[in-house]
Amino acid sequence: MDKYGKLVFLLITFVLFGATIQVAYSETSEEFYMLSLINKERQAQGLPTLSMNSALSSAAKSHSQDMINRSYFNHINPDGLTPSDRARNSGYNFIALGENICGNPSIDAGHTSLMNSIAHRNNILNPSFKEVGIGIVDGGPYGKMITQLFGTQVGGTTPSSEIPQEAEGKPDILIESIDVSGKAEVGNQITMKITLTNKGKKNAGNFVFAVFDGNPDNGKLLGKSSINSLYVGYKVTATLIWTPQTSGEYTIYFVSDYGNAVIEENEGNNISTYNLSISGPSQGTSSGNTVNNPSVQEQRESYKPDLSISSNDLSYQSTIYVNSSSNVYFRIKNIGQSAAYNIPMKVYLNGNLKSSSTIPQILPSSFNDFNVFLTFTSPGEYLIEAKVDPENTIQEISEMNNIVTLRFKVIERNTNSINTTKTVDSPKDIDLLIYPYYIMPEELVNGDLFIRAKIKNKGNSIVEEANVSFYERDMNSSDRLIEKISITLGPDEIIEKEITFSPFSREGEIIVVIDEENKIKESDEGNNIATKIFSVKALDMNASYIDDQIV
């Protein structure tokens, strides 16, 4: 079986009525569904259809995952690799190549946005392209990250993965298996894993899987999720996490095609049930009934997220001065087996809450960078504590690696000692500054932000190689480094710098920091940071975010 026949876990979360359903698709489902949309557009224009190329798909999926992991949205990654580099590295020797990227929680809406963009539509309808690789990864600020890598190679084609061939007939969606685990008592989580398959002769698309406490006609809906596609012979696994609030006997109904949106060969096999006896909460050391599938007991225990933060993942300035701004970076990793969602993050300074925010999600084997700006008005010893999920609201493999502490000293700036390679006669010689009205954001037609920022040297000495950092802060107070530049300023000189980037949120702040490392001795360091609020109208979670093509 090739890589497209393997089941991998791409988690999509739907939170309804206090329950969470996670859906794990077979790798081909969403990619092949998007391929079908592409080929419909090409057929309508009289163009030959594209085949799915496994080498291009590997490069595309790696790029989608990398954009999520490293928080960027661009055809060129932070290492400088282009789509051409990624295609060659995957073994694809091309004579024509093009790439589309977009972010959208919906495959259909993402495709529509691509078709509404001239540059991306040209890639989709380019008659020179014979093959495509599609990589769709759940996560990131847009819900899904999508990369389409189009190409034509020298000397024929490499092995491709085609959509399963459909015979005449209808789909037949049924529930293949139900695994239930957890302590069956009030207040404890019950985990249900349900595997659906298509045993029919035709691919199924756009149906709803739902779970009820009691008969679907009058029972309580515990959760549901929309499934874009399920190809013949393929499977999708849904995970429901449910916490019963009262004791008693329960019959849980699982409905594979709720609402009968799909015309099937057999409509009588769409419902399965599972009986549960829920006891009252445990007293002392006594325990309630335990529902287990012994063959998957160990997998059940390990199929959780494991959020980790350690001193090895901290970044901060070695020397911190009074009345100067300092930036402390934290990296939160998920070393577990499932995704974590809505992760609380709190930072305390000497026991007082300094920053509180929520990280939307961290996928398995991924991470999220978090940082806080601090300004200290007096010298002394300080203690910073960073706590991930401090109230333990997320079930993890281990809660022991969720806290990290950092102790450091804040000192008065000594005019006889300066942490820089440059020497100046007096701190009055240099005063770098930026004001909020010096920051001018402008929205571009594609949703990007164009930023003009003015930096001034109010002093009477030249400044060489001063660093200026640009950050985006979203509405959860999470900061993301956009770009760091180096400038040279003469006495009483003002320069204007320009950057363009794709914002990760619709509303937020632009933060500009001068001399973040405090390497330059200044007469006034209180004017080295300025912020400007932005609001991007084009960025809507129901719209696509698309970069320019590269051919």
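**Figure 1. Salt bridge between E99 and R86 in the predicted model**. The closest N and O atoms of E99 and R86 lie 3.0 Å apart in this predicted structure. The pair links distant parts of the chain, with E99 in strand β4 (residues 94–103) and R86 in helix α3 (residues 83–89). In sequence, the two residues are 13 residues apart. E99 has 0% relative accessibility and therefore counts as buried. R86 is likewise classed as buried, because its relative accessible area of 10% falls under the 20% limit.

**Figure 2. Salt bridge between D138 and K144, and the network that includes E30**. D138 pairs with K144 through a salt bridge whose closest N and O atoms are 2.7 Å apart. Both partners, D138 and K144, are buried. The view also takes in E30, which is linked with D138 and K144 in a network of salt bridges.

**Figure 3. Salt bridge between E496 and R452**. In this pair, a distance of 3.8 Å separates the closest N and O atoms of E496 and R452. The salt bridge connects two strands: E496 belongs to β29 (residues 494–501), and R452 belongs to β26 (residues 449–457). The two residues are 44 residues apart, and the pair links distant parts of the chain. E496 counts as partly exposed because its relative accessibility is 37%, a value between the 20% and 50% limits. R452, with a relative accessible area of 24%, is also partly exposed. Side chains of opposite charge can pair when their charged atoms come close. For the model as a whole, the count comes to eight salt bridges, among them E99 with R86, D138 with K144 and E496 with R452.

**Figure 4. Surroundings of N401 in the loop between β22 and β23**. N401 is found in the loop that runs between strand β22 (380–388) and strand β23 (403–411). Although located in a loop, N401 counts as buried because its relative accessibility is 18%, under the 20% limit. The side chain of N401 makes a polar contact with the side chain of D306, at 3.5 Å. When neighbours within four places in sequence are left aside, the residues in contact with N401 are D306, L307, S308, I309 and I335. D306 thus appears in this view both as the polar partner of the N401 side chain and as one of the residues in contact with N401.

Key:
Residues are numbered from 1 along each chain as its sequence is written. This is a predicted model: local features need pLDDT of at least 70, side-chain atom pairs count only at pLDDT 80 or more; totals for chains, interfaces and linings use all residues. Side-chain values use heavy atoms; hydrogens and water are left out. Helices (H or I, at least four residues) and strands (E, at least two) are DSSP runs, numbered from the N terminus. Buried means under 20% relative accessible area, exposed over 50%, partly exposed in between (1.4 Å probe, protein chains only). A polar contact is a pair of N or O atoms within 3.5 Å; within protein, one must be able to donate a hydrogen and the other to accept it, and residues adjacent in sequence count only if both atoms are side-chain atoms. Contact means heavy atoms within 4.5 Å. A salt bridge is a side-chain nitrogen of Lys or Arg within 4 Å of a carboxyl oxygen of Asp or Glu.
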